[in-house]
Amino acid sequence: MKRRAVFSLLAVTGLSACVSGGRGRGDSRPIVIAHRGASGYLPEHTLGGYELAMRMGADYIEPDLQLTRDGVLVAMHDETLGRTTDAATLFAPRNGGYKVADFTLAEIKTLTVKPTGTGKTSYPGFTPSAANPWSIPTFDEVIRLVQSSPSLVGREVGIYPEAKQADPAMEDAILQSLAQSGYDAHSKVFIQSFSDETLRSMHAKEQARGKPLPHFLLGAAVMGDDGVARLGIGTRGPEPRLLTFQDVASFAQGVGVSIHYRAYPVTKPYIDQARAAGLKVHGWTFAQAEADAAAAQYRRYLDLGMDGMFSNYADLAVKARDQYVRGR
């Protein structure tokens, strides 16, 4: 498989990552978001995986969030622990399974995250700085890692958390952690969700506190027969619920759209209409591991005007983005 499988020690020590630049959200360059960390190389949603992605030049890292039984936010994509951890070897099932919400933080901290897909347990030339790089981190631990990025990799890295549950308790916990860590409207932060109700609620809470944060609503790129672009929510049902860009812009700063829904392809007219409504467009998920095929895929969407890319392979995304910017 032709990919950058051997990343030099110089790169993973953070020196080469500096050339990608540390910048605020106002920079016009398309951003690279490390999807679940460096999930194509190392166990997803781990401090080790996040750090590698940072060293590879990712602009943002993406922690999906779940709540433990005792109400602590942890980085985990699934509602259950089975797919990515050794929970079944340490605990008996609870309520018929291994839901994150059925385990305390102390119990979850005994687990080890396993690599999935093309991921492995190590990466050439890279030694994580965290004491327990393959355990399940809390959201606060992820924030501390990200906020250490200036000293760790020589530039500021942003954070892009996803509220996985439409739950007021989760909303409050996310906002509290971000506020306590000093994040505001000028910080490198985006909050994402597939639930417009969640983002509307968070927007209202932030406005009441006088501390608005930027939001991205996730869905499908639906282009109507009338030529009007909309965001499709709930694509697993028979028909998605459609939101106008004007509606989305009332509580969010952008849309995150799938690049894999054949019925709802991302097109230049779609992106142009989003931008006309004041919205950025980020695409998910770029998971092509072969270098040449990945480069072509990134270039295709960058040429359409995409503002950001969620990638399992941050190094490939950064290389493609930087080549595109130089070409302009």
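**A buried helix, two helix pairs and local backbone features**

Helix α2, residues 47-55, is largely enclosed by the rest of the structure, because nine of its nine residues are buried. This holds in a predicted model. The buried set begins with Leu-47, Gly-48 and Gly-49. Tyr-50, Glu-51 and Leu-52 also belong to the set. Ala-53, Met-54 and Arg-55 complete the list. Charged side chains are thus represented in the buried set by Glu-51 and Arg-55. Gly-57 follows α2 and has a positive phi, near 105°.

The approach to α2 also holds a backbone feature. His-45 sits in the loop between β1 (31-35) and α2. Its phi is positive, near 50°, in a residue other than glycine. Most residues other than glycine have a negative phi. His-45 counts as buried because its relative accessibility is 3%, under the 20% cut-off.

Asn-95 offers a second case of positive phi outside glycine, at about 50°. This residue lies in the loop between α3 (87-90) and α4 (105-108). Asn-95 is exposed, with a relative accessible area of 72%. The cut-off for exposure is over 50%.

Confidence in the model was examined next. The protein averages a pLDDT of 92. Of the residues, 91% score at least 70. Residues 1-25 stay under 50. For this stretch the model has 72 contacts beyond four places in sequence. Where pLDDT is low, the predicted coordinates should not be read in detail.

Two helix pairs were then described. Two packed helices are characterised by the angle between their axes and the distance between the axes. Helix α5 spans residues 139-147, and helix α7 spans residues 168-180. Their axes come within 10 Å and cross at roughly 30°. The crossing of α5 past α7 is right-handed. On the α5 side, the contact is made by Phe-139, Asp-140 and Ile-143. On the α7 side, Ile-174, Ser-177 and Leu-178 take part. By class, the residues of this contact divide into four nonpolar, one polar and one charged. The polar residue is Ser-177, and the charged residue is Asp-140.

The second pair joins helix α11 (residues 291-304) to helix α12 (residues 314-327). These helices pack at an angle of about 50°, with their axes 9 Å apart. That angle makes α11 oblique to α12. The crossing of α11 past α12 is right-handed. From α11, the contact draws on Ala-291, Ala-294, Ala-295, Tyr-298, Arg-299, Leu-302 and Asp-303. From α12, Leu-316, Ala-317, Ala-320, Arg-321 and Tyr-324 contribute. The contact of α11 with α12 has nine nonpolar, no polar and three charged residues. The charged residues are Arg-299, Asp-303 and Arg-321. An α-helix has 3.6 residues a turn, so residues three or four places apart point the same way.

A cis peptide bond joins Trp-284 and Thr-285, with omega about -15°. Most peptide bonds are trans. Thr-285 lies in strand β12, residues 280-286.

Gly-210 was placed in the loop between α8 (196-209) and β8 (215-223). Gly-210 counts as exposed because its relative accessibility is 58%. Gly-210 and Glu-44 are 166 residues apart in sequence. In space, their C-alpha atoms are 34 Å apart.

Definitions and conventions:
Residues numbered from 1 in each chain as written. Predicted model: local features only at pLDDT ≥ 70, side-chain atom pairs only at ≥ 80, totals over all residues. Heavy atoms only, no water. pLDDT = per-residue confidence, 0-100. Contact = heavy atoms within 4.5 Å. Axes fitted to C-alpha atoms, helices over the stretch in contact; angles between N-to-C directions. Helix = DSSP H or I, 4+ residues; strand = E, 2+ residues; numbered from the N terminus. Left-handed = near helix turned anticlockwise from the far one by under 90°. Buried < 20%, exposed > 50% of the residue type's maximum accessible area, 1.4 Å probe, protein only. Parallel < 35°, antiparallel > 145°, perpendicular 65-115°, else oblique.
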